[in-house]
Amino acid sequence: MRFIDKNVNPKQLSPLNLAFIGDCIYEILVRETLVTDANRPVNDLHKESVKYVSAKAQTVAFEKIKDTLTEDELAVFKRGRNAKVGHSPKSASESEYHCATGVEALFGYLYLNNESERIKYLFEIICSKSNNL
């Protein structure tokens, strides 16, 4: 489901543009999962969500879904992973940060391509192979 009725070809966007929107999509999936699992204080929700949207956590998430990605999805991930971000990560290694950018680019691509069922499927794999989410 898209919120804006404006067509865009995600294949024509830079990987960092895809990661920009994908970061939000991934975070909303995490937040919605946490909110629907339990009614708890917002501060607790925030602390819990940070565990899943970090570069380290997104690197772990990629390991869970990498074998289920299509050729096109893997190509989008690699474009995001290989993009020059222009700054150094603070709380992760360079490779984790680049991997997380690839994951965000993938989710951004799928979102802009109106592939909400595929997003749900990949996120379910991430959650099903996780002890906490």
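In this predicted model, Ser-49 touches Val-30 and Leu-34, leaving aside residues up to four places away in sequence. Ser-49 has its place in helix α2, and because its relative accessibility is 3%, under the 20% limit, Ser-49 counts as buried. The side chain of Ser-49 also reaches the backbone oxygen of His-46, at 2.9 Å.

From this residue the view can be widened to the interior. The largest nonpolar core has 31 residues, and those with the most contacts inside it are Tyr-26 and Phe-107. The elements that each give two or more residues to this core are α1 (15-37), α2 (42-53), α3 (55-65), α4 (71-81), α5 (94-112) and α6 (116-128), and the largest share, nine residues, comes from α5. In general terms, nonpolar side chains tend to be buried together in soluble globular proteins. Around Phe-107, when residues up to four places away in sequence are not counted, the residues touched are Gly-22, Ile-25, Tyr-26, Leu-29, Ile-119, Leu-122 and Ile-126. Tyr-26 is thus named twice, as a residue with the most contacts inside the core and as one that Phe-107 touches.

Helix α3, one of the elements that contribute to the core, is mostly covered, since eight of its eleven residues are buried. The buried residues of α3 are Ala-55, Ala-57, Gln-58, Thr-59, Ala-61, Phe-62, Lys-64 and Ile-65, a list in which Gln-58, Thr-59 and Lys-64 stand beside residues such as Phe-62 and Ile-65. What covers these buried residues includes α1, α2, α4, α5 and α6.

Helix α1 also holds Glu-27, which is partly exposed because its relative accessible area is 21%, a value that lies between the limits of 20% for buried and 50% for exposed. Although Glu-27 and Tyr-52 are 25 residues apart along the chain, their C-alpha atoms are separated by 8.3 Å.

The last stop is on the surface, where Met-1, Phe-3 and Ile-4 form a nonpolar patch with about 390 Å² of accessible area together. Ile-4 is placed in the segment before α1, and is classed as exposed because its relative accessible area of 56% is over the 50% limit. Ile-4 at 56% is exposed, whereas Ser-49 at 3% is buried, and Glu-27 at 21% is partly exposed.

Conventions:
Residues numbered from 1 in each chain as written. Predicted model: local features only at pLDDT ≥ 70, side-chain atom pairs only at ≥ 80, totals over all residues. Heavy atoms only, no water. Core = buried A, V, L, I, M, F, W, Y, C linked by side-chain atoms within 4.5 Å. Buried < 20%, exposed > 50% of the residue type's maximum accessible area, 1.4 Å probe, protein only. Helix = DSSP H or I, 4+ residues; strand = E, 2+ residues; numbered from the N terminus. Contact = heavy atoms within 4.5 Å. Patch = residues over 30% accessible without salt bridge, like charges linked within 9 Å, V, L, I, M, F, W, Y side chains within 5 Å. Areas by Shrake-Rupley, 256 points an atom, 1.4 Å probe, with all protein chains shown as cover. Salt bridge = Lys/Arg side-chain N within 4 Å of Asp/Glu carboxyl O. Polar contact = N/O pair within 3.5 Å; in protein donor to acceptor, adjacent residues only side chain to side chain.
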